[in-house]
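Hi,

Here is the structure I promised to pass on to you. Have a look at it first, and then read on for what turned up.

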Amino acid sequence: MGFPHTPHERETLVLSKYFGDTDAIGLDGWRKRGGYVALEQALKMTPAEIVGIVKESGLRGRGGAGFPTGVKWSFMKPGDGKPHYLCCNADESEPGTFKDREIMRWTPHALVEGCAIGAYAIGAEVAYVYIRGEYTEALDKMNAACKEAYAAGILGTNAMGTGKTVHVYVHKGAGAYICGEETALMNSLEGRRGNPRIKPPFPAVAGLFGQPTTINNVETLVAVPHILTNGAEWYKKFGRPDNPKSTGTKLFSVCGNIQKPGNYEVTLGFPFKDFLYDLCGGPLPGRQFKAIIPGGISVPIQTREEAENTPMDYEGFVANGTMLGSGGVIIIDDAQNLVKQIARAARFFAHESCAQCTQCREGTAWTTKILERIVAGDGTHEDLDTLLEIGENMTGKTICVLSDSCATPVTSGIQKFRGDFEALIKRKKVHMVPAQVA
Amino acid sequence: MTHSEMGGVRAPGDVAHAEHGSYTPVFTGERRKELDELFTRYPTKMATLLPALWIVQEERGWVSSEGMAEVAELLELTPAYVKGVVTFYTMYHQHPVGRHFIQVCTTSPCNVCGAEDVVNALLRHTGCEELGVTSPDGKYTVIEVECLGACGFNTPLMVNEKFIESVTPATVPALLASLG
Amino acid sequence: MADVKMVNLTVEGRAISVPDGTSILEAAKAAGVLVPHYCYHPGLPVAGVCRMCLVEVEKAPKLAPSCATSVAEGQVVHVHSPKALEARKGVLEMLLINHPLDCPICDQSGECELQDYTYQEGRAEGRYRDPKRFNPVEDFGGDVIYVANRCILCTRCVRFMDDVAHDPVLTVAERGDRALIGKFEGQDLTHAWAGNVIDLCPVGALLSKDSLNKVRTWELDRSASVCPNCSQGCNMIVETRDNQVVRLRPRPNAQVNEYFMCDHGRLNYRWMNRKDRVEIPMVRQAGVLASADWEVALRAAASVLAGNRAFVLASPNLSNEALFLLGRLVGRSGGAGAFRVPQGSEAPLPGVDDLALRADRAANGRGAELLGFARNDAPLSGLGAGDVLVIADEELAEVDAADAAKAGAVIVIGTTLPAWARHAANVVLPIANCTEEEGTFTNLRGRVQRFLQAKAAPGIARPSYFVLGDLLAAMGDGSGYWTAGQTFDAMTAAVPAFAGLSYDRLGLRGAMIAGAMSEVGA
């Protein structure tokens with residue numbers, strides 16, 4: 001198993017402090033490191049008080065959308081007579097993102113604690129942790145942690161001796177990117193195909209099993225115990241002074257053609273250039289960054305020049321024409337065939353489309369076919385126009401955003417690296433593919 | 001498409017992937033208890049569908065039509081419904097696979113770091129030659145898989161339930177040797 | 001329903017007011033604007049997946065799926081704006097990229113919504129030049145065949161089997177562009193109502209084996225009718241080609257069958273095309289049954305009946321009008337009338353209240369009862385010695401024929417002449433069957449529904465009410481029942497059970513008899 005890198009001095013270790021510390025995995029070790037103090041404290045508070053603190057801290061969803069967590073929790077109305085549910089989205093499947101995996105591998109009890117607090121805060125007695133099936137190690141660690149927590153009376157019908165009921169159950173996915181979409185996750189948990197649902201109704205009104213439900217990302221939930229222990233003010237201090245909308249620390253996964261890939265925890269607003277060159281060691285010897293995808297493969301691709309001057313927070317990336325997304329930074333250097341990589345990204349989405357919406361089912365596959373044809377040397381200049389139009393047809397018109405996500409790297413890729421596409425088209429093979437009339 | 005390509009009509013009752021011989025139920029003894037315990041975790045029986053299918057796959061190595069039918073009956077669903085779910089998720093095997101089922105991530109982040117070379121090395125050294133085809137000795141099946149979520153440790157792959165990171169073409173022979 | 005909140009909105013410039021909670025698509029329909037759609041069907045739960053019904057709603061950031069978006073006060077909806085048209089054109093292009101475009105050999109051609117909308121709003125030509133997806137044709141069992149290559153994954157069939165038939169044997173299998181409609185090996189579309197998936201399919205993916213390659217849809221003539229194959233009275237459309245009934249399809253009626261029709265009903269149409277019909281009146285003269293013209297035959301029948309007690313054995317598939325006139329025949333002679341109803345097993349459609357293939361496999365048992373006929377499994381038990389036995393379109397089998405022996409004379413008023421009656425009948429009067437005339441049936445809940453003529457009767461056979469009206473006139477009961485409407489109105493005047501109904505006001509959806517309302521849903 002890969003161990004994490006030695007932390008860089010400019011990282012701010014809150015969530016990742018115990019990554020690599022094998023003693024932190026078990027309950028005893030975790031308790032020695034301050035584990036479950038926040039839960040004990042939380043169970044003595046009212047749910048409204050917890051929600052208030054989280055709201056005040058400015059914590060925002062770390063899964064991609066960045067919705068304020070406290071506000072999301074406040075949509076739930078404890079005491080409405082309905083069963084409430086918390087779903088922890090541990091389906092981490094956005095290419096380029098592998099931070100939740102590390103959280104669950106090294107600090108599973110942190111997530112159990114975060115889930116327990118979250119469940120209590122929204123009036124739920126049950127939290128389900130939906131972990132993608134490929135994360136076998138994370139699944140083992142989380143199952144073991146839950147078992148320990150039940151045995152120690154932390155979870156169950158008398159959680160920490162308070163008489164309150166808090167269950168945390170691990171649910172294993174079975175291979176579907178789309179189950180990271182919250183309504184698809186709920187369908188999957190219910191034993192259905194992982195099809196996203198039409199909204200409204202929103203999960204807080206009718207979610208899992210038709211009941212009020214909140215879905216939070218792993219990283220979001222593990223931040224909560226720290227906020228309760230240290231206070232909202234403490235958490236708010238992390239971030240750009242001139243941007244109060246993005247607070248706290250954030251784990252960024254870095255991968256691709258870079259010296260030191262891995263998970264880095266920095267305060268939001270950290271300068272991206274320093275991050276790439278200082279923390280992550282810059283490009284491989286003799287190479288240059290060519291394209292950077294800063295927030296998982298679904299966000300707009302950027303040139304090196306565009307990307308480097310971004311402050312790494314929600315607003316910073318948006319102002320620069322892309323998104324923070326899941327915080328999965330993918331680096332593609334100048335030795336790569338960029339068009340091939342964009343085609344590969346499109347193939348990913350074609351493989352993962354749930355098949356409900358026409359534009360997504362057909363558009364992802366069509367996009368892939370055209371791109372792969374261009375890569376194979378059978379492309380035409382018209383293909384680029386067609387790709388852009390397909391991209392337009394795939395954007396903002398479907399139930400969920402998988403379709404948009406497929407169009408994003410393609411459209412932004414053509415816009416920013418058109419020369420790469422045209423070079424492949426000009427190098428066209430001599431033989432022609434007979435045109436099939438569609 | 002030409003008319004001749006329309007092909008024959010598949011008759012109802014064709015059994016695509018049936019287990020040979022008579023089917024022995026999976027959910028007896030401990031496995032049945034496990035399922036009963038799962039029932040207590042969810043307000044519906046249907047919600048245990050994914051876990052129940054995992055149990056079938058753990059026991060049998062794959063999910064056969066008979067396995068789907070057994071799960072359907074226990075969960076009060078129809079076999080067709082279960083089939084719809086099984087075919088949605090890529091991790092359920094709908095036919096038997098090699099003893100070592102190797103899934104290599106080749107999605108973009110791993111692809112830029114040479115994942116396709118790893119795939120080629122695996123195909124060569126296992127004797128599988130082709131993706132998805134089980135090697136002649138029945139030991140290996142190699143497939144490409146979409147993002148395994150270990151993008152910083154490329155190339156990652158899974159051998160059955162075991163996760164292996166940082167595989168390169170050079171480390172493939174030793175890796176295969178370690179599998180036995 | 002006075003407390004329902006109404007919402008005002010504008011669709012394509014037309015102001016409309018609809019109940020709160022109505023979808024934009026339905027509101028547009030009410031305003032006379034059809035929003036193109038595939039997955040939406042009013043009889044099924046909303047799926048919102050085809051994305052064809054996208055419309056522009058002013059002030060909304062994105063195009064709205066009109067099937068899944070509720071109306072809101074003051075909404076301004078544009079169905080045909082450039083943005084909405086562009087989006088739907090995009091959907092159509094995507095739906096066609098893998099479609100085989102085999103309209104010339106496709107049964108759906110001519111009634112295909114993919115053709116219609118592409119013609120209306122689609123691109124003149126596609127831009128797809130890569131290989132198309134291919135899947136083999138699959139027999140789904142029952143009457144259904146699945147041509148996967150034409151499927152647009154609207155999931156209407158899956159939702160029907162799941163939510164309406166409560167027999168989820170269909171599913172969406174696989175995902176991405178590999179997805180297709182699947183079923184489980186060995187479990188077929190054998191549900192008694194499964195054939196509806198063929199009508200629900202907006203394209204040529206689900207086809208009827210029964211009508212496979214039989215007709216081009218534009219060759220069909222269509223008439224509104226009522227299914228005569230059980231007492232439910234499902235509204236239907238009779239489709240004929242060259243005076244042959246080739247297909248029966250449901251006609252929506254929220255009060256009776258929603259949008260559906262059972263397989264027994266839809267496939268049981270061959271008798272409507274029987275070739276062994278009586279086409280000319282016949283009169284027994286000198287022991288021989290010989291052709292006669294109508295005047296002669298009617299006079300002969302009247303003289304046989306004169307002064308005798310008439311015992312009428314009526315088919316429960318005769319119209320209310322025919323049964324009413326037969327009832328008069330019985331009444332004026334002090335006779336009696338009886339009928340029997342063939343039985344089968346009941347098969348409900350669970351998702352629709354009070355809809356089933358009924359055990360009574362005839363359309364008008366209820367009407368026969370209301371018009372004074374006695375239901376009796378041994379229908380000739382009431383026949384008195386020397387009575388004139390009037391067989392009104394009843395297929396009296398040989399085994400019952402022995403009972404008929406005590407009749408003084410036999411008159412057959414029917415579509416066919418049973419073998420035994422060739423020796424027994426004194427007069428034979430040929431009539432049209434229910435697809436060859438108009439009239440009404442009363443269903444088991446007391447709903448009186450009109451059916452229209454779909455094809456011509458053979459030879460010089462005449463509508464049943466017309467023949468009986470003439471016969472009564474020949475007997476001096478000449479009140480002039482020249483049309484089905486006149487006969488119906490005479491019936492409502494004479495028979496209290498039908499009081500208050502009017503032939504014209506029945507329309508094509510029917511009306512309940514007085515006193516039947518309280519029985520609904522009982």
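Let me begin with the contact between chains A and B, bearing in mind that this is a predicted model. Chain A puts 48 residues into that contact, and chain B puts in 37 residues. On the side of chain B that touches chain A, the elements giving two or more residues are α2 (49-60), α4 (79-88) and α5 (108-111) of chain B. The largest share there, four residues, is that of α2(B). By character, this side of chain B splits into 22 nonpolar, 11 polar and four charged residues.

Chain A also meets chain C: 30 residues of chain A are in contact with 28 residues of chain C. Here the elements of chain A that supply two or more residues are α14 (338-352), α15 (358-375) and α16 (381-393). The largest share of this side of chain A comes from α15(A), with 10 residues. The side of chain A that touches chain C consists of 12 nonpolar, 12 polar and six charged residues.

One residue I looked at individually is C:Asn320, which belongs to helix α8 (residues 320-333) of chain C. C:Asn320 counts as buried because it has 30 C-beta neighbours inside 10 Å, and the cut-off for buried is 20 or more. Leaving aside residues up to four places away in sequence, C:Asn320 touches several others, among them C:Asn364, C:Leu371, C:Phe441 and C:Met491. By contrast, C:Gln285 lies 35 residues from C:Asn320 in sequence and 33 Å from it in space, C-alpha to C-alpha.

Happy browsing, and best wishes

Definitions and conventions. Residues numbered from 1 in each chain as written. Chains lettered and ligands numbered in written order. Predicted model: local features only at pLDDT ≥ 70, side-chain atom pairs only at ≥ 80, totals over all residues. Contact = placed C-beta atoms within 7 Å. Nonpolar A, V, L, I, M, F, W, Y, C, P; charged D, E, K, R; others polar. Buried ≥ 20, exposed ≤ 12 C-beta atoms within 10 Å, placed from the backbone.
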